[in-house]
Amino acid sequence: MTSDELRAAFLRFFEDKGHKTIPSSSLIPHGDPTLLLTSAGMVQFKPYFTGEAVPPSPRLASCQKCFRTTDIEKVGDRTHLTFFEMLGNFSVGDYFKKEAIAWAWEFVVQRLKLAPERLWATIFLDDDQSFALWRSMGVPEDRILRFGEEDNFWGPVGSSGPCGPCSEIHYDFGEQFGCGRPSCRPNCDCGRFAEVWNLVFTQYYQDEQGKRTPLPKPNIDTGMGLERAAAVVQGKSSVYDTDLFAALLDGISGLAGKKYGSGDDADNAMRVVVEHGRALTFLIADGVVPGNEGRGYVLRRLLRRAALFGRRLGLDKPFLTEIAEIAVQQMGHVYPELRQRRELVRRVVQLEEQRFGETLSTGLGLLEGMMTEAAARKESVISGVEAFKLYDTYGFPVELTGEIAAERGFSVDSEGFKAEMEKQRQRARAVHRFDLKESARFGAGLDIRGTPFVGYHTLKHSSVILGLFLGDEAVGAISVGQEAGVVLESTPFYGEMGGQVGDTGEIRGPSGRFLVTNTIRVPPDSILHQGSVVEGSLAAGEEVEAVVDGERRLDIARNHTATHLLQFALRRVLGEHVQQRGSVVASDRLRFDFSHPGAVTERELQEVGRIVNDEIRRDLKVSSEEMPYRKAIEEGVIALFEEKYGETVRVLKVGEPAISAELCGGTHVASTGEIGLLYIVSESSIGAGLRRIEAVTGRGAEDVIERQVSSLKRIAQSVGGSVEDVEEKVSALVAELDRERKRAVALEKEVTRKMAESLHTQAEMVNGVKVLAARVPPSRLEVLREMGDLLRERLKSAVIVLGTVYEDKPLFLAAVTPDLVARGYNAGAIVKQVAKVAGGGGGGKPALAQAGGKYKDKLDEALGLVKTLI
């Protein structure tokens, strides 16, 4: 039975049992941005088990793409995988243990034709019901084993969720595959037994504190790893010997010129390459791009580990795109997203492998040197500083450094590495213009628990002064000329957060006026108004009127809503892998950082701008609502993976139905028409797999376009044309300049040739050596070199030193013919001494060297030294 047949048979079996087949969800978990990657079949069904959503059927089945990071370093042996397919059947409050066990036995014995005498069952310690059910299936009592929580209790996926005891089916390959110990049985790691199927009886909900409470209805969550099941059905002792890996191993064998099965080290390296190559293909197709954190870091680790093991197979040039292509060809009929995103996969792999390849050899050499030096000191630890250097400069994930070091008996100071990483983060935070640690001192000693923000619907608001600060000191009053900070009971001023800058405006009291030049947030959740008293004084406890600068706020709102439209357009044009990685929303511009493997083409950028401006012209309604975080995620609202959200969130939607829905606490326009226009100013790289777009909207866009049109008009006027034909005029002018430049170069060469003709007669014999030291008219260094070549050719055997003054500085060129180089004359040594006279220096090769100086009036004196030197 092939793996395709096995997959189809499983799903068909459970469809016949009344189950609805659900397609695999993405490896990027939908509905839970706190979960790194989809690691089990039940991840997409978690809301059904918790009662937060209604399932399409109480009986479900799936073949789910899964990825687990715990075994990355172990991949290379005959059993471990990072990516795998999980076959599963699920009951949401419908059937329970009796049906789950009976159907599992029916499938493995009747459909897969596994010999019952080779099957064992494991159960939780006190699960007598499961014991009785397995006995009723005909499993002998001595092949039903009881285990504790470590082996037979399935915890929640993530920090909380459904959980419960489990029962497993194990296949016995036979004593010849075992360790020979009398105690050898399922859960022995010798390789004799393979876990085929895990039946989880989810009876409890475990919260983040570890407390378990019974679920309203018990559920079933089972998982059968396709790769393991295929190995058992196909009679293979390793998942790598199944048809799932045959084409991949043939591919790497052909590339490396080595046959799989010929040696342990080579086989190990080939398994690493094909497993990681397959896994990274699925990750990229589901929208993961290489990065230094989260999922991106996992992908980068895989790709770079595969590249390293490829190097051990003798593959010095990039090869992983070919492995990825084999994975697409083999699995694309099951997972069409692989074919749909084939080009994206190729681009990401190619760029990342090429980038790592540029530093791999240097990094390996450096690590080798570190270990040699440590061994000389009789130490066996790579320091955190050294590991960080390899990570930061040469792109070595610390886990990869640790793996390579362990092969030589060394370890890595992980805590020291973490400390260096933290120092880097602190350096990055230090450049931020307002450090939150610094801002935390405001409010010290005051009972300020948070400042309600009322500025979504009003820009003018009556409030009360709760606190006044001069530097880090709380004061009772402030007066004209003093720079200070003000905390209000409630405020319409938006405090800088989420990339959006703080508001400006005025706070008006009964006796004074405070000009707000910036608004920030300070822990725990207070809003601090920074600025100065421009009139009279303000005192704590006074009633004031807070007035936000409305024009500036609207400019900021235009830019903020535009970033949401920009993300929508980028995802449509470039793909769903695009994710926001940062932003700045100011009054005069916006900046949007996002994940993407390569440069955005001019055509793609134009299409992005066109889509955004189309949506602006449609004047779509912009609305917001508060809802439970879980509900927002289930509805597909975009959230940042690294961000922590509360139970209730604000969702910003553009359009009805929404074309964009994101978690966002910022301020926005009421409809997209208020943006007016978005104009993309630039697109650039800000790191591996990260791009940045800078743009302007509204008044800012008008200003930029007006300046550019004015420049165009001035250029048109300068070249004697109109705006309409300026491109043609400039192109003609450039072509004419190019022709004149070529003509000038030709004339310069002719002059050089004639000058060389006249100079060669000035050569003198010094100690049996022909010497030419001459001053020539102002010339570029390239002209001097050409003149030197002509003179060497004409004089046949000579030492030549030429000097000139170019751009008010002396330049020197020395040339020595091969026969005199052989006799010990060195152009580099000669020109260095000559240039020293003119206050300069230089050098080069024995046959040709150049130098510069400071004092042009010393040129002749310097040339006069040549004869003496010879």
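Buried, in what follows, means under 20% relative accessible area, exposed means over 50%, and partly exposed falls in between (1.4 Å probe, protein chains only). The model is predicted, so local features need pLDDT of at least 70 and side-chain atom pairs count only at pLDDT 80 or more, while totals for chains, interfaces and linings use all residues. Residues are numbered from 1 along each chain as its sequence is written, and side-chain values rest on heavy atoms, with hydrogens and water left out.

A good place to start is helix α1 (residues 3-16), which holds both phenylalanine 10 and phenylalanine 14; helices here are DSSP runs of H or I with at least four residues, strands are runs of E with at least two, and both are numbered from the N terminus. The two phenylalanines sit four residues apart, about one turn of the helix. Phenylalanine 10 has a relative accessible area of 0% and is buried, and phenylalanine 14, at 1%, is buried too.

Next come the aromatic pairs, of which a search of the whole structure turns up 26. Rings of Phe, Tyr and Trp (its six-membered ring) pair if their centres lie within 6.5 Å; planes under 30 degrees apart count as stacked, over 60 as edge-to-face and the rest as tilted. For phenylalanine 10 and phenylalanine 14 the ring centres are 4.9 Å apart and the planes stand at 50°, so this pair is tilted. Tyrosine 95 and tryptophan 103 have ring centres 4.8 Å apart and planes at 75°, so theirs is edge-to-face; both of these residues are buried. Ring pairs also tie Phe10, Phe13, Phe14, Phe107 and Trp197 into a cluster.

What does tryptophan 197 touch, leaving out residues up to four places away in sequence? Its contacts (heavy atoms within 4.5 Å) include Phe10, Phe14, Phe107, Val108, Ile169 and Met224. Among the others are Asn89, Ser167, Glu168 and Thr222.

Tryptophan 197 also turns up in the largest nonpolar core, which has 99 residues. Such a core is a set of buried Ala, Val, Leu, Ile, Met, Phe, Trp, Tyr and Cys residues joined through side-chain atoms within 4.5 Å. Trp134, Trp197, Met224 and Ile252 have the most contacts inside this core. Helix α8 (residues 264-285) gives the core its largest share, twelve residues. A second, separate core has 29 residues, with Leu570, Leu605, Leu620 and Leu678 among them. In soluble globular proteins, nonpolar side chains tend to be buried together.

Then there are the empty spaces. On a 1 Å grid over the protein atoms alone, a cavity is a set of points where a 1.4 Å probe fits but cannot get out, and a pocket is an open set with protein on both sides within 12 Å along at least five of seven lines; lining residues have an atom within 4 Å of a point. Grid points are joined across faces, edges and corners, and a volume is the space filled by probe spheres set on the points. Three cavities of 30 Å³ or more are found in the whole structure, and the largest has a volume of about 60 Å³. Its lining is made up of Ile72, Glu73, Arg301, Arg305, Pro397, Glu399, Leu400 and Glu403. The elements giving two or more residues to this lining are α9 (294-312) and α14 (398-407), with α14 giving the most, three residues.

The second largest pocket has a volume of about 1,400 Å³. Of the 47 residues that line this pocket, Arg68, Asp71, His80, Glu195 and Arg228 lie nearest its centre. Strand β8 supplies the largest share of the lining, seven residues.

A few loops round off the picture. Glutamine 579 sits between α17 (550-574) and β20 (580-585) and is buried, at 19% relative accessible area. Proline 657, in the loop between β23 (648-654) and β24 (660-663), is joined to glutamate 656 by a cis peptide bond with omega of about 0°. Lysine 113 has a positive phi, near 60°, and counts as exposed at 65% relative accessibility. Aspartate 808 has a phi near 70°, again positive, and is partly exposed at 48%. Most residues other than glycine have a negative phi, and most peptide bonds are trans.
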